[in-house]
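User: I'd like to learn how to read a few backbone and packing features in a model like this. Can you take me through them one at a time?

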Amino acid sequence: MSEPTAAAPGYFARHIFFCLNERTNGQACCAQHGAQAAFDHCKSRVKAAGLAGPGKVRVNKSGCLDRCAAGPVAVVYPEGVWYSYVDLADIDEIVDSHLVRGVVVERLLTPPELGR
Ligand code: FES
């Protein structure tokens with residue numbers, strides 16, 4: 001039996017996952033901070049940029065990503081780059097820079113020490 005020599009290419013080049021988790025117990029959650037609007041905006045921007053589809057970018061919903069203290073958060077794979085965004089202009093910047101050009105938006109990076 002032969003060993004695989006290289007990882008198979010992914011169906012999508014990148015995924016961006018948005019935490020859309022909502023809590024009703026008073027604890028902080030990304031849904032309280034515009035996560036659904038950010039997800040919707042990202043999805044339409046990616047589509048408008050011609051980035052949606054196989055070999056390109058998939059915008060995904062996620063449950064809690066366990067970094068609530070830094071929320072709202074989104075994470076881009078395969079790089080594993082975490083973003084904490086504030087508004088839709090931040091989403092535009094992530095799309096235009098990271099998803100279109102592959103350039104990480106340093107100013108929006110989630111502080112590494114922030115978790116749940
Ligand atoms: S609620 Fe969004 S990371 Fe936990």
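User: Let's start with Asp66. Where is Asp66 placed?

Analyst: This is a predicted model, and in it Asp66 sits in the loop between E2 and E3.

User: What is the sign of phi at Asp66?

Analyst: The general idea first: most residues other than glycine have a negative phi. Asp66 isn't a glycine, yet its phi is positive, at about 70°.

User: And is Asp66 buried or exposed?

Analyst: Count the C-beta neighbours inside 10 Å: Asp66 has 11, so it counts as exposed. The cut-off for exposed is 12 or fewer.

User: What about peptide bonds? Which kind joins Gly71 and Pro72?

Analyst: As a rule, most peptide bonds are trans. The one joining Gly71 and Pro72 is cis, with omega about 5°. Pro72 is in the loop between E2 and E3, where Asp66 is placed too. There's also a cis bond from Tyr77 to Pro78, where omega is near 20°. Pro78 belongs to the loop between E3 and strand E4 (81-84).

User: On to the strands. In which sense do E1 and E2 pair?

Analyst: Parallel, over six bridges. To find the register, look at Arg14: its bridge partner in E2 is Val57. Between those two strands the chain passes through H1, and this β-α-β crossover is right-handed.

User: How many bridges join E1 to E3?

Analyst: Four, and these strands run antiparallel. A handy residue to check here is Ile16, which stands opposite Val76 in E3.

User: Now the packing. Which residues touch the most other members of the largest nonpolar core?

Analyst: The broad tendency is that in soluble globular proteins, nonpolar side chains tend to be buried together. Here the largest nonpolar core has 22 residues, and Ile16, Phe18, Ala38, Cys42 and Val73 touch the most other members. At least two core residues come from each of strand E1 (14-19), helix H1 (35-48), strand E2 (57-62), strand E3 (73-77) and helix H2 (88-101).

User: Which element gives the largest share of this core?

Analyst: That's H1, with five residues.

User: Take Val73, then. What is Val73 in contact with, leaving aside neighbours within four places in sequence?

Analyst: Cys19, Cys30, Leu65 and Arg67 are among its contacts, as are Trp82, Tyr83, Ser84 and Thr110. Val73 is also one of the residues touching the most other core members, so it's a good place to centre your view.

Terms used
Residues are numbered from 1 along each chain as its sequence is written. This is a predicted model: local features need pLDDT of at least 70, side-chain atom pairs count only at pLDDT 80 or more; totals for chains, interfaces and linings use all residues. A nonpolar core is a set of buried Ala, Val, Leu, Ile, Met, Phe, Trp, Tyr and Cys residues joined through C-beta atoms within 7 Å. A residue is buried if 20 or more other C-beta atoms lie within 10 Å of its own, exposed if 12 or fewer, and partly exposed in between; C-beta atoms are placed from the backbone. Two residues are in contact if their C-beta atoms, placed from the backbone, lie within 7 Å. Two strands pair if DSSP finds at least two bridges between them. A crossover is right-handed if, with the strands pointing away from the viewer, the path from the first strand over the helix to the second runs clockwise.
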